[in-house]
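Thanks, everyone. Let me put the structure up and walk you through it.

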Amino acid sequence: MPMKVLAIVLAGGEGKRLLPLTADRAKPAVPFAGMYRLIDFVLSNLANAHYLQIVVLTQYKNHSLDRHVSRTWRLSSMLGNYVTPVPAQQRLGPHWFSGSADALFQNLNLIYDELPDHVIVFGADHIYRMDPRQMVEQHIDSGADVTVAAIRQPIELADQFGVIEADASGRRIAAFREKPKDAVGLPDAPDQIFASMGNYVFRTQALIEALREDALDPGSKHDLGGNIIPMFVKSGGAEVYDFAHNKVPGSTERDRGYWRDVGTLDAYYEASMDLVSVQPVFNLYNDRWPIYSGHDPLPPAKFVHNEGDRVGHALDSLVSPGVIVSGGTALRSILSPGVVLHSHSHVEDSVLMGCVKVGRGAIVRKAIIDKNVVIPDGARIGFDPEYDRQRFTVTREGVVVIGKNEIVDR
Ligand code: ADQ
């Protein structure tokens, strides 16, 4: 009998560091690369691996996330397959925004319903390709209670991750510290740490027992990384899965091991600009491990040559369906569905989300512009950092970010 596996995707993150993009949507619902939402990457990894019983736990501002998951990820139920968004239990008071372990504890009934042998618990806000079957295989072979996926990261980022120290075998986790300020580098690379990717595989019974014990602890923050994983490390039942060994069909030396936590605006921007570079590291076009998404029925993108010498064009850019480039120019940019560039407008090094309109003669540089924003005729964005800072969010790296539906003056 093959092992039965239930996948749970944690999609309740607030994503404060992505504000204003998360002002009225959960972080996993943030649009990416024109055609996707962040959650599509983890769901595609699970679906490509044929893990098709998937529960998505949502919480914070979950409206657009629920709508996206229910509309896009409707699987045929005939074979018992599903992707079900489950909102947080309606509890009032200070406990509303509870930790990830509490979210699992509140939904233990979903695990009892399926009675899986193993439970995959994956985060929802990373850009990567991964075949989770290889991790599950290692987990089953080793007999571990939990297996944690890990990747090498620069030591400066240690305080953003769960940091893993493996024992001499390189497999058993000897120590796990959530977001430490004083991490020590790896023996073979002192400038790197082994970071948890926030992706776990649990033996079902071990998970249930750990969640019950944690729920009774008044001192716990009910956090998987902060509380549950350290519990397993103490009992000796935690193993590490090295993501560097994961191989996905169609991947190359170049994109193998690519994983980005786009938790900050600058990281989001950098991952987006990779896609418009001439040779991106992340290959969106690997159709042997597709990234799935859904979108409204839209006409093809159109480039219009409308005013004498003005030829509407885009170079080194991703151009989605429904876009109209009418005598404007896009360079190294992502144009999401429904974007319109009017005559003599110029957009460069920017991400324009759905239905952004750029007026006649307007210039946009190094910006992320959220849905429906109208850039008025002749406006200049990304030229005067002081003026931009008064009106919008400007990141440390100087990226101007304009929130959804914000009104922009000239
Ligand atoms: P963080 O991402 O900081 O670190 P957390 O905020 O708990 O941890 O988010 C983890 C995942 O759970 C995200 O996908 C988030 O959307 C979701 N989530 C959080 N609270 C939730 C809730 N109550 N209900 C549903 N979903 C919820 C984690 C690990 C680190 C690891 C990094 C890798 O704790 O050890 O290194 O991920 O990015």
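One term before the ligand: a polar contact here is a pair of N or O atoms within 3.5 Å. Keep in mind that this is a predicted model.

Now the ligand. An oxygen atom of the ligand sits 3.0 Å from a polar backbone atom of Ala124. Gly162 also offers a polar backbone atom, and here the distance to a ligand oxygen is 2.9 Å. Asp261 comes in through its side chain: an N or O atom there is 3.5 Å from an oxygen atom of the ligand. How much of the ligand's accessible area does the protein cover? On its own the ligand has 720 Å², and the protein covers 86% of that. There are 26 residues around the ligand. Those that come nearest are Gly13, Ser98, Glu178, Lys179 and Ser196.

Next, strand S11. S11 spans residues 192-203. Is S11 enclosed or open to the outside? Of its 12 residues, 10 are buried, so the strand is largely enclosed by the rest of the structure.

Look at its partners. Strands of a sheet pair through backbone hydrogen bonds, either parallel or antiparallel. Strand S8, residues 146-154, runs antiparallel to S11, and 8 bridges join the two. Within S11, Val201 is the bridge partner of Thr147. Strand S6, residues 118-123, also pairs with S11 in the antiparallel sense, over 4 bridges. Here Val119 stands opposite Phe202 of S11. Then there is strand S9, residues 162-166, antiparallel to S11 over 2 bridges. Ile164 has Phe194 in S11 as its bridge partner. And S9 begins at residue 162. Gly162 is the residue whose backbone lies 2.9 Å from a ligand oxygen.

On to helix H1, residues 39-48. How many of its residues are buried? The count is 10 of 10, so to speak of H1 as mostly covered is fair. The buried set runs through Ile39, Asp40, Phe41, Val42, Leu43, Ser44, Asn45, Leu46, Ala47 and Asn48. Just after the helix, His50 takes a positive phi of about 65°.

Stay with Asn48, which lies in H1. Why does Asn48 count as buried? Because its relative accessible area is 12%, and the cut-off for buried is under 20%. What does its side chain reach? The backbone oxygen of Pro290, at 2.9 Å. Setting aside neighbours within four places in sequence, Asn48 is in contact with Arg133, Trp289, Pro290 and Tyr292.

Last stop: a sheet of 6 strands. The sheet is open, its pairing is mixed, and the order is S17-S20-S23-S26-S30-S29. Which strands form the edges? S17, residues 318-319, and S29, residues 393-394; each pairs on one side only. Inside that order, S26 and S30 pair in the parallel sense over 3 bridges. S26 covers residues 367-369, and S30 covers 400-402. Ile368 stands opposite Val401 in S30.

What lies across this sheet? Helix H8, residues 265-276. H8 lies across S17, S20, S23, S26, S29 and S30, and runs at about 100° to S26.

To recap. The protein covers 86% of the ligand's accessible area. S11 is largely enclosed. Asn48 reaches Pro290 from a buried position in H1. And H8 lies across the strands of the open sheet. That's my tour.

Note on methods
Residues are numbered from 1 along each chain as its sequence is written. This is a predicted model: local features need pLDDT of at least 70, side-chain atom pairs count only at pLDDT 80 or more; totals for chains, interfaces and linings use all residues. Side-chain values use heavy atoms; hydrogens and water are left out. Two strands pair if DSSP finds at least two bridges between them. Contact means heavy atoms within 4.5 Å. Axes are lines fitted to C-alpha atoms, for helices over the stretch in contact, and angles run from 0 to 180 degrees between N-to-C directions. A residue is near a molecule or strand if one of its heavy atoms lies within 4 Å of it. A polar contact is a pair of N or O atoms within 3.5 Å; within protein, one must be able to donate a hydrogen and the other to accept it, and residues adjacent in sequence count only if both atoms are side-chain atoms. Accessible areas come from the Shrake-Rupley method with a 1.4 Å probe; for residues, only the protein chains shown count as cover. Buried means under 20% relative accessible area, exposed over 50%, partly exposed in between (1.4 Å probe, protein chains only).
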